[in-house]
Amino acid sequence: MSRHLSVGLFDSDHDVLAAARAARSAGWPIVDVYSPHPIHGIDEAMGLPRSRLSLACLVGGIFGAAFILWFEIWTAAVDWPLNVGGKPFNSLPAFIPITFEMMVLFGGLSAVVALLVVARLRPGKAPPFSAAGVTDDRFALVLERTSAPMTAARVRAFLEAHRAVGIEERVVGGEDL
Amino acid sequence: MTLGRMRHWGVRLAAAGAVGIGLGLLRTPDRTWAGLLIASFGLAAAGVGGVVFIALCTVSGATWPVAFRRIPEALAAALPAGALGLAAVFLLRPTLYPWLAGETLHGFKGAWLSPAFFFTRAAIYLGLWALFAWLIVRTSRAQDHDGSARHTARRIKLSAAFVVIFALSFWLASYDWIMSLEPHWYSTIFGVYNFAGLFSCVVAIVVLLAMGLRRAGLLQPALRDEHLHDLGKLLFAFSSFWMYIWFCQAMLIWYTNIPEESVYYVRRLEGSWATLFYLNVALNWVVPFVLLLTRQAKRTRMIAYAAGVVLLGRWLDLYLMIWPAAIAGAPHVGIGEIAPAVAAAGLLLLAFARSFASAPPVPLRDPALSASLHYHS
């Protein structure tokens, strides 16, 4: 199934933010916004749900801490008990710095891996969308024309009213975006 | 809470605390003096902490706190009351410190902890803090008249100087006023540890005052959930920083296990002290950490509960540092410990409300105000 898209290109983040807000309040489906840098408030303007990346970070952090704590206790006190400075084999305070470090490491890596998986980013993946300048100094708002009132002409007029500097109409396959 | 009610409660708490201190001095004088040292140190630290908050935000170029900067500014007014309490302890009950009670120390420590030098230093620390509090708050009040950016430039210079001066003087002050209660014990990280406690306590006080004033309608349009959210992040961060430094001190002493160092922890893990020792960790880190974990919590009443727990933890932290060093035996909490804390809370409210009422609740002509009002956390 093919999808009919209208792409508006903007010169400033203010304009794309305002256009995204207006499109959302008009009830027009926003496919995505492309920007060379993060824009404050764009999630809200697009109506995106809150990111669950922090959950992946939390779970990864807890797992990292629990795993390494078990591993330290197992190596130092169970599998090969080692006398270090006359301390008990199972010396919790000595294990805490490593536990902390591994919690941070696993938390951080989990967030990165979760992002790559959810965004389906992998080496060699072809870019799903390209427009001149969106990795440089341009901002793009991609709208999908789903229903009859959203004719290409009306969407074009809407984007022009929001100071779009370039407008393209595209037809893509269902899985492309 | 309106300023009028704040003043009203301030007077009541201070009066009740004063009566309690009087009774305490009659019944358990030693414990009451120790309680006074705890409360006065906490109050003075909260007062100078308000200035530290402003200075750190200023030197780091943070504009988001401008909308509620009058809160830490007015908090600085609590410094004189804390200084007065400290002076009362030092002058009226010097025997709290063994080396002022006749114990002779040798070498550099003996010279450093000589009475005249000790009192001179205390006057210098408190004098410097009061001077910078006055200078930094003055730039903000002067800006209300002409809105000139040169006041901001001056505040940046003063803040940069104060951050360095405060770091050194507060470090030494925590050595002088708390660590020297046990003059043979030492920990080089003690100053950082005290700074961590000071800052998480200050953020907690700012959170509670901000929410109270907002409910009374005083900061209504200026203070937004975005600001609370970032204050919540700071509280979360500095509570964790406190834990980090707490652990740094405890672990190194545990690891080397030298008697002259470990005696500090042995004393605080004996009998029922151990419960308080671990409760300290729970109140200052575990509970606020869990409460503030979600985004939602930092924008709702949950942040106020977390701040309340941190304030309780702050008192317990100072109690654990000071009380076992000054008084022998098992822990006690009675009128001698509670009354000074109540008086300190009353004086803080009173000084804050008076100072806050003396200027517009928002620095209206600060050039950075608009950035703060439109801030996204």
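Student: Between which strand and which helix of chain A does the loop that holds Ile39(A) lie?
Tutor: In this predicted model, Ile39(A) belongs to a loop of chain A rather than to a helix or a strand. That loop lies between strand E2 (30-34) and helix H2 (42-46).

Student: Is Ile39(A) buried or exposed?
Tutor: Leaving aside neighbours within four places in sequence, Ile39(A) is in contact with Asp13(A), Val16(A), Leu17(A) and Phe139(A). The relative accessible area of Ile39(A) is 11%, and a residue under 20% counts as buried. Ile39(A) is therefore buried.

Student: How far apart in space are Ile39(A) and Ala126(A)?
Tutor: Along the sequence, Ile39(A) and Ala126(A) are separated by 87 residues. Taken from C-alpha to C-alpha, their distance in space is 24 Å.

Student: Turning to chain B, are H2(B) and H7(B) roughly parallel or roughly antiparallel to each other?
Tutor: Helix H2 (residues 29-59) of chain B packs against helix H7 (residues 150-177) of chain B with the axes 8 Å apart and at an angle of about 155°. Angles over 145 degrees count as roughly antiparallel. H2(B) and H7(B) are therefore roughly antiparallel.

Student: How many residues of the contact of H2(B) with H7(B) are nonpolar?
Tutor: H2(B) contributes residues including Leu37(B), Phe41(B) and Val48(B), while those from H7(B) include Ile156(B), Phe166(B) and Trp177(B). The residues of this contact divide into 2 polar, 1 charged and a nonpolar group, and the number in that nonpolar group is 17.

Student: Is the crossing of H8(B) and H12(B) left-handed or right-handed?
Tutor: Helix H8 (residues 190-215) of chain B and helix H12 (residues 302-326) of chain B pack with their axes 9 Å apart, at an angle of about 145°. Their contact is made by residues among which are Tyr193(B) and Leu208(B) of H8(B), together with Leu311(B) and Asp317(B) of H12(B). The contact residues divide into 16 nonpolar, 4 polar and 2 charged. The crossing of these two helices is left-handed.

Student: Which residue meets Glu337(B) in a salt bridge?
Tutor: Glu337(B) is in helix H13 (residues 335-357) of chain B, and its partner is in helix H2 of chain B, 306 residues apart, so that the pair links distant parts of the chain. Glu337(B) counts as buried at 0% relative accessibility, and the partner is likewise buried, with a relative accessible area of 18%. The two side chains meet at 2.8 Å, N to O, and the partner is Arg31(B).

Student: Why are Glu73(B) and Arg70(B) separated by about one helical turn?
Tutor: Glu73(B) forms a salt bridge with Arg70(B), the closest N and O atoms being 2.8 Å apart, and both residues are buried. They sit in helix H3 (residues 70-75) of chain B. The separation is about one helical turn because the two residues are 3 residues apart in that helix.

Student: Is Arg150(B), which meets Asp146(B) in a salt bridge, buried or exposed?
Tutor: The side chains of Asp146(B) and Arg150(B) meet at 3.3 Å, N to O. Asp146(B) is partly exposed, with a relative accessible area of 34%. For Arg150(B) the relative accessible area is 54%, and a residue over 50% counts as exposed. Arg150(B) is therefore exposed.

Student: How many salt bridges are found over all chains?
Tutor: Some salt bridges share partners, and these join Arg69(B), Arg70(B), Glu73(B), Arg141(B), Asp144(B), Arg155(B) and Asp366(B) into one network. When the whole structure is searched, the number of salt bridges is 20.

Conventions:
Residues are numbered from 1 along each chain as its sequence is written. Chains are lettered from A and ligands numbered from 1 in the order in which they are written. This is a predicted model: local features need pLDDT of at least 70, side-chain atom pairs count only at pLDDT 80 or more; totals for chains, interfaces and linings use all residues. Side-chain values use heavy atoms; hydrogens and water are left out. Axes are lines fitted to C-alpha atoms, for helices over the stretch in contact, and angles run from 0 to 180 degrees between N-to-C directions. Helices (H or I, at least four residues) and strands (E, at least two) are DSSP runs, numbered from the N terminus. Angles under 35 degrees count as roughly parallel, over 145 as roughly antiparallel, 65 to 115 as roughly perpendicular and the rest as oblique. Contact means heavy atoms within 4.5 Å. Ala, Val, Leu, Ile, Met, Phe, Trp, Tyr, Cys and Pro count as nonpolar, Asp, Glu, Lys and Arg as charged, and the others, Gly among them, as polar. A salt bridge is a side-chain nitrogen of Lys or Arg within 4 Å of a carboxyl oxygen of Asp or Glu. Buried means under 20% relative accessible area, exposed over 50%, partly exposed in between (1.4 Å probe, protein chains only). A crossing is left-handed if the near helix is turned anticlockwise from the far one by less than a right angle, and right-handed if clockwise.
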